[in-house]
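Here are a few short exercises to work through with the model open in your viewer. Try each task yourself before reading its solution.

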Amino acid sequence: AVKNMLISIPLLLLASGVRLAVKFQKDAVSSKYDVEKKLLKRGEKPDIPVQVHVMAATTICLFFLMALTLFYIHYKHMAVFRFRYKTIYADRGRPLMEHLTTMARGRNRGGGFLDA
């Protein structure tokens, strides 16, 4: 569950960035037409200032960079975890696994279940 959560956080950041960019554009259109007391006719495209597009693009880029950073941290974390797990397993894991295997064989002979 934690592994999937660490993958979903960058996706959440990307979705938030896109959502915020869309909100910038909607707010720019609604505030302009509210002030001028105009209503958009059906099929009419609103004229959105260039600054709003620049702000939306900047927001999406920043959120994308944050998502990439989090994904990179997750990737490095998993690489370190795998490396350390392999070294610990190579040193101490074999005797532990052999012990657990003999315990499981001994209990299963009598018809009992493995209680781990």
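**Exercise 1. Place S8 and decide how open to solvent it is.**

Keep in mind that this is a predicted model. Step one: find the residue, and you'll see that S8 lies in helix α1. Step two: get its relative accessibility, which is 34%. Step three: compare that with the cut-offs, where buried means under 20% and exposed means over 50%. S8 counts as partly exposed because its relative accessibility is 34%. One more thing to click on: F71 is 63 residues from S8 in sequence, yet the C-alpha atoms of S8 and F71 are 9.4 Å apart in space.

**Exercise 2. Take stock of the whole chain.**

Start with secondary structure: the protein chain has two helices and zero strands. The helices are α1, covering 2–35, and α2, covering 50–109. Next, burial: 14% of the 116 residues count as buried. Then the surface: the accessible area is about 10,000 Å², and carbon and sulfur atoms account for 66% of it. Finally, look at contacts between residues at least 6 apart in sequence: 70% of them join residues at least 24 apart.

**Exercise 3. Track down the salt bridge and describe its partners.**

First, the count: the structure holds one salt bridge. Second, the partners: the side chains of D27 and K23 meet, with an N to O distance of 3.4 Å. Third, check that against the cut-off, which asks for a side-chain nitrogen of Lys or Arg within 4 Å of a carboxyl oxygen of Asp or Glu. Fourth, where do D27 and K23 lie? Both are in helix α1, four residues apart, which is about one turn of the helix. Last, solvent: D27 is partly exposed at a relative accessible area of 36%, and K23 is partly exposed too, at 46%.

**Exercise 4. Work out the surroundings of I48.**

Begin with location: I48 sits in the loop between α1 and α2. Now the neighbours, leaving out residues up to four places away in sequence: I48 touches Q25, V29 and H53. Take V29 and compare the two kinds of distance. I48 and V29 are 19 residues apart in sequence, and their C-alpha atoms are 6.5 Å apart in space. To finish, is I48 buried or partly exposed? The line between those classes is at 20% relative accessible area. I48 has 24% relative accessibility, so I48 counts as partly exposed.

Note on methods
Residues numbered from 1 in each chain as written. Predicted model: local features only at pLDDT ≥ 70, side-chain atom pairs only at ≥ 80, totals over all residues. Heavy atoms only, no water. Buried < 20%, exposed > 50% of the residue type's maximum accessible area, 1.4 Å probe, protein only. Contact = heavy atoms within 4.5 Å. Areas by Shrake-Rupley, 256 points an atom, 1.4 Å probe, with all protein chains shown as cover.
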